[in-house]
Amino acid sequence: MPERLPNLDPALLGDLPPVSGHRPRILLLYGSTRERSFSRLLVLEAARLLERFGAETRIFDPSGLPLPDDAPLEHPKVRELRDLVLWSEGQVWCSPERHGALSAV
């Protein structure tokens, strides 16, 4: 990801200290599968900032994720999400509001 962060003063930035001998592992999730998803764009920006602070980031793409209780635990997207959750030490969730609640995605 580009290091271009024009609205931040590099002199004021530090790095996240390593906790376990590696960079902090952060999983980012967004709750929209639209082609022009603002929650996805916000997650991409959050990942850029977290990487600048020294974190290792991964972003889960929810496209193809089945609804709860609609697929076996061995479904590829369910397995991918489970593996990423186990890998992560922290998570950032971003979801559009749907009727006053988080999206089903």
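**View 1. Helix H2 lies across three strands of the predicted model.** Helix H2 is made up of residues 76-87. The strands that H2 crosses are E1, E2 and E3. Relative to E2, the helix runs at about 155°.

**View 2. The charged end of Arg58 sits over the ring of Trp87.** The distance from this charged end to the centre of the Trp87 ring is 4.1 Å. As for aromatic pairs, the structure holds zero of them.

**View 3. Strands E2, E1 and E3 form an open sheet.** The order across the sheet is E2-E1-E3, and the pairing is parallel. E2 and E3 are the edge strands, each pairing on one side only. From one strand to the next, the twist averages 20°. In general, the strands of a sheet pair through backbone hydrogen bonds, in either a parallel or an antiparallel manner.

**View 4. E1 and E3 pair in the parallel sense.** Five bridges join these two strands. Within this part of the model, Leu28 stands opposite Val92 in E3. Helix H1 packs on the sheet and touches E1, E2 and E3. The direction of H1 makes about 165° with that of E1.

**View 5. The buried residues of H1 pack against three strands.** These buried residues are Ser39, Val43, Ala47, Arg48 and Arg52. The strands they pack against are E1 (25-30), E2 (56-60) and E3 (90-94). An α-helix has 3.6 residues a turn, so residues three or four places apart point the same way.

**View 6. Helix H1 covers residues 38-52 and is followed by Gly54.** H1 has 15 residues, which at 1.5 Å a residue should span 21 Å. The end C-alpha atoms of H1 are 21 Å apart, so the span in the model agrees with the expected one. Gly54, which comes after the helix, has a positive phi, near 105°.

**View 7. The chain contains two helices and five strands.** Starting at the N terminus, the elements follow one another as β-α-β-α-β-β-β. The chain has 105 residues, of which 28% count as buried. Among contacts between residues at least 6 apart in sequence, 71% join residues at least 24 apart.

Technical notes. Residues numbered from 1 in each chain as written. Predicted model: local features only at pLDDT ≥ 70, side-chain atom pairs only at ≥ 80, totals over all residues. Heavy atoms only, no water. Phe/Tyr/Trp six-rings, centres within 6.5 Å; stacked < 30°, edge-to-face > 60°. Lys NZ or Arg CZ within 6 Å of the ring centre and 35° of its normal. Helix = DSSP H or I, 4+ residues; strand = E, 2+ residues; numbered from the N terminus. Expected span 1.5 Å × (residues − 1). Buried < 20%, exposed > 50% of the residue type's maximum accessible area, 1.4 Å probe, protein only. Contact = heavy atoms within 4.5 Å. Pairing = 2+ DSSP bridges. Axes fitted to C-alpha atoms, helices over the stretch in contact; angles between N-to-C directions.
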